[in-house]
Amino acid sequence: MKNNFLNIHDVIMIVSILESVFLCAFFGLISSKQRVASRILAFLFLLVAGTLISELIIWNAYLQPLIASWTIAPAIVSACLLLEGPTLYLYLHSLSSGTHLWRWSKAIHLLPALVSVGIILVFNITLEEWLPSHWATSPANSNLAIKFLWAAFKSLPVAYVIACFYAERRRRQEMKQLYSSISQLELLAVDIVLAGFFLRWFWSFIGYVISGDISSEANNLVGNLNNYLTAVLLNTLFVFGLVNTRQLNMLPTEEEAKPAEIEPPKEKIAAIERGIQTQKLHLNSDINLKSFSEQIGLRPRDVSNIINSHYGSNFFEFINRFRIEEAKRLLMVEDSKDVILDIVYKCGFNSPSAFHRFFKRVVGIPPSKYRNREKAATEQIS
């Protein structure tokens, strides 16, 4: 239990609370084509703020006697902790085009938080009874319920972050339907966010499991480290949210994302072919499904459907395979002064590492080896 009204750990929590409130307002008011995703992210920051405020008050030795008889304090912190996991999961789902969030099937994610608040109110569990240090003196009829709640909000978030990894995998598959280039740094940012949440929630779970076997000082250290992880996560999640807000503004609408129901006409296939062969749209490093469709005069959903069904590919693979063909042509030009880095950008890639990785996957050998092989073959013929 803390002996000072405010210490350095509390100051860090207060700064994190203020940042969470600011980010909640920022994403709540930001203009985005996909408003649902921004609102869910704003709600996630609000939950983090609610959790930190509750913990700041609940674990303060000077405030505990004043609110010992409150039931609202454990209700709020339990609800916030049990909603963080589902909210992160639904946010990742909302980043996928055409995902329906307002269905009864999604309401099940709210159930743990509602049940926890209901249990606290039904059993009239006060803050004094809810704190682990007072479990020994808690009434027998509520002691089991309290331990169940603690087990729930310490373990369920770990399960949700695992579900988040699955949701992110699904999102990455959809990104390949929409973009010709996918930033590895952006993907790394997602991995860092998810790994951070996993570490934060897993650390909290471990702290709960071993709390009875370690000293109060060690318990405080576990809690403080968890708060530091939260402070770091807030900034990482902010960057992640900004990146995805930009990407969401380029997504097709839900109507545009619906698959076509009939076989695509030949003129639409011809329009896509012209976009590649004549307009050379694949050489634009910033091309995406929406801009490609606009320039050939088709709807994004039609282009996506034709690429999927007629070419047996997704937009990412479709565009980059034509880029590789252009790169092969440039590599075979005799007496060319272009180094491979020049060819990377000429054929539409915006990252040398992405070019080398994709070239080797498609051709089977690195571009430098391909150039030497073709040059040697040409010399033998001549």
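# Loops, cores and side-chain pairs

Lys280 has a relative accessible area of 36%, so Lys280 counts as partly exposed. This value, like the others below, comes from a predicted model. Lys280 sits in the loop that runs between H12 and H13. Although not a glycine, Lys280 has a positive phi of about 55 degrees. Most residues other than glycine have a negative phi.

A second residue of this kind is Asn124, which is not a glycine and has a positive phi of about 50 degrees. Asn124 also belongs to a loop, the one between helix H6 (111-122) and helix H7 (127-130). With a relative accessible area of 48%, Asn124 is partly exposed.

## Nonpolar cores

The largest nonpolar core contains 36 residues, and Ile272, Phe292, Val303 and Phe355 have the most contacts inside it. At least two residues of this core come from each of helix H8 (140-178), helix H12 (266-277), helix H13 (289-296), helix H14 (300-309), helix H15 (315-331), helix H16 (340-346) and helix H17 (352-363). H15 supplies the largest share, 8 residues. A second core, separate from this one, has 34 residues, among them Ile40, Tyr160, Val190 and Leu233.

Which residues touch Ile272, leaving aside its neighbours within four places in sequence? Ile272 is in contact with Phe292, Ile296, Leu298, Val303, Ile306, Tyr311 and Phe318. Two of these contacts, Val303 and Ile306, are among the buried residues of H14. The other buried residues of that helix are Pro300, Arg301, Asp302, Ser304, Asn305 and Ile307. Because 8 of the 10 residues of H14 are buried, this helix is largely enclosed by the rest of the structure.

## Aromatic pairs

Across the whole structure there are 18 aromatic pairs. In one of them, the ring centres of Phe355 and Phe359 lie 5.6 Å apart and the planes meet at 50 degrees, so the pair is tilted. Phe355 and Phe359 are 4 residues apart in helix H17, and about one helical turn therefore separates them. Phe355 has 0% relative accessibility and counts as buried. Phe359 is buried too, with a relative accessible area of 0%.

Phe359 also pairs with Tyr370: the ring centres are 5.7 Å apart and the planes stand at 75 degrees, so this pair is edge-to-face. Phe359 is in helix H17 and Tyr370 in helix H18 (residues 367-381), so that distant parts of the chain, 11 residues apart, are linked. Both Phe359 and Tyr370 are buried.

These residues belong to a cluster in which ring pairs link Phe316, Phe349, Phe355, Phe358, Phe359 and Tyr370. One ring of the cluster also has a charged neighbour: Arg323 lies over the face of Phe349, at 5.7 Å from the ring centre.

## Salt bridges

The structure has 10 salt bridges. One of them joins the side chains of Glu168 and Arg172, with N and O 2.8 Å apart. Glu168 and Arg172 are 4 residues apart in helix H8, so about one helical turn lies between them.

Arg172 forms a salt bridge with Asp191 as well, and there the closest N and O atoms are 2.8 Å apart. This pair links distant parts of the chain, since Asp191 is in helix H9 (residues 184-210) and Arg172 in helix H8, 19 residues apart.

Elsewhere, Lys268 and Asp302 meet through their side chains in a salt bridge of 3.1 Å, N to O. Lys268 lies in helix H12 and Asp302 in helix H14, so the pair ties together parts that are 34 residues apart in sequence.

The table gives the exposure of the residues in these bridges.

| Residue | Relative accessible area | Class |
|---|---|---|
| Glu168 | 3% | buried |
| Arg172 | 23% | partly exposed |
| Asp191 | 34% | partly exposed |
| Lys268 | 22% | partly exposed |
| Asp302 | 6% | buried |

Through shared partners, salt bridges join Glu168, Arg172 and Asp191 into one network. Asp302, from the bridge with Lys268, is one of the buried residues of H14.

Notes:
Residues numbered from 1 in each chain as written. Predicted model: local features only at pLDDT ≥ 70, side-chain atom pairs only at ≥ 80, totals over all residues. Heavy atoms only, no water. Core = buried A, V, L, I, M, F, W, Y, C linked by side-chain atoms within 4.5 Å. Buried < 20%, exposed > 50% of the residue type's maximum accessible area, 1.4 Å probe, protein only. Contact = heavy atoms within 4.5 Å. Phe/Tyr/Trp six-rings, centres within 6.5 Å; stacked < 30°, edge-to-face > 60°. Lys NZ or Arg CZ within 6 Å of the ring centre and 35° of its normal. Salt bridge = Lys/Arg side-chain N within 4 Å of Asp/Glu carboxyl O.
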